[in-house]
Amino acid sequence: VVEEGEVGDSIELAAPGGTMVLGPDRNLAAAGLLQPGIYGKDCPGLHHLAQQSVQRADPELMPELVRSVVLAGGGTMFRGLDTRLKKELEHLWSQQVNVIAAPER
């Protein structure tokens, strides 16, 4: 079992076998999902992949898909990812987007 406690700008994680301190750089991990180029990857970001998926759908379904972008899985648990993805998708689609990020995902 891992216990989490904040220490200034860092997070200290206590686990069996020792303690690990994660600094502010931990927040950059989510940036790689939207800008893979910062890690040297030549692939589209998550927002572009979502846009491509919606564009492949039946045109009648597109408005509903835009209103129902759902984040699921452990890789989506980064703090602020839902807000950033919403901002990027609204920029791409020039319309209001609803990103659903349930805490229990």
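How much area does the chain expose, and what share of it do carbon and sulfur atoms supply? The chain exposes about 7,200 Å², of which carbon and sulfur atoms supply 55%, with accessible areas taken from the Shrake-Rupley method with a 1.4 Å probe, where for residues only the protein chains shown count as cover. This is a predicted model, in which local features need pLDDT of at least 70 and side-chain atom pairs count only at pLDDT 80 or more, whereas totals for chains, interfaces and linings use all residues. Residues are numbered from 1 along each chain as its sequence is written, and side-chain values use heavy atoms, with hydrogens and water left out.

**View 1. The whole chain, with its four helices and five strands.** Along the sequence the pattern reads β-β-β-α-α-α-β-α-β, where helices (H or I, at least four residues) and strands (E, at least two) are DSSP runs numbered from the N terminus. The average pLDDT, the predictor's confidence in each residue from 0 to 100, is 84 for the chain, and 90% of the residues score at least 70. Over residues 1-8, however, the pLDDT is below 50, and this stretch has 15 contacts in the model beyond near neighbours in sequence, a contact being heavy atoms within 4.5 Å. Of the 105 residues, 23% count as buried, a word that stands for under 20% relative accessible area, while exposed stands for over 50% and partly exposed for values in between (1.4 Å probe, protein chains only).

**View 2. The hairpin of strands β2 and β3.** Strand β2 (residues 10-15) and strand β3 (residues 18-22) run antiparallel and are joined by five bridges; two strands pair if DSSP finds at least two bridges between them. E12 has V21 in β3 as its bridge partner. Two residues lie between the strands, and G17 in the turn has a positive phi of about 100°.

**View 3. A salt bridge between R67 and E64.** The closest N and O atoms of this pair are 2.9 Å apart, which meets the definition of a salt bridge as a side-chain nitrogen of Lys or Arg within 4 Å of a carboxyl oxygen of Asp or Glu. The two residues are three apart in helix α3 (residues 62-67), so about one helical turn separates them. R67 is partly exposed at 46% relative accessible area, and E64 is likewise partly exposed, at 41%.

**View 4. Two salt bridges in helix α4, formed by E88 with R84 and by K86 with E90.** E88 and R84 are four residues apart in helix α4 (residues 81-93), about one helical turn, and their closest N and O atoms are 3.0 Å apart. E88 is buried, with a relative accessible area of 17%, whereas R84 is partly exposed at 29%. K86 and E90 are also four residues apart in the helix, and their side chains meet at 2.7 Å, N to O. K86 is partly exposed at 26% relative accessibility, as is E90 at 22%. In total, the structure holds three salt bridges.

**View 5. T76 in the loop between β4 and α4.** The loop that holds T76 follows β4 (69-70) and leads to α4. T76 counts as buried at 10% relative accessibility, and its side chain reaches the backbone oxygen of G73 at 2.6 Å. Not counting residues up to four places away in sequence, T76 touches L71, L81 and R105.

Definitions and conventions. Polar contact = N/O pair within 3.5 Å; in protein donor to acceptor, adjacent residues only side chain to side chain.
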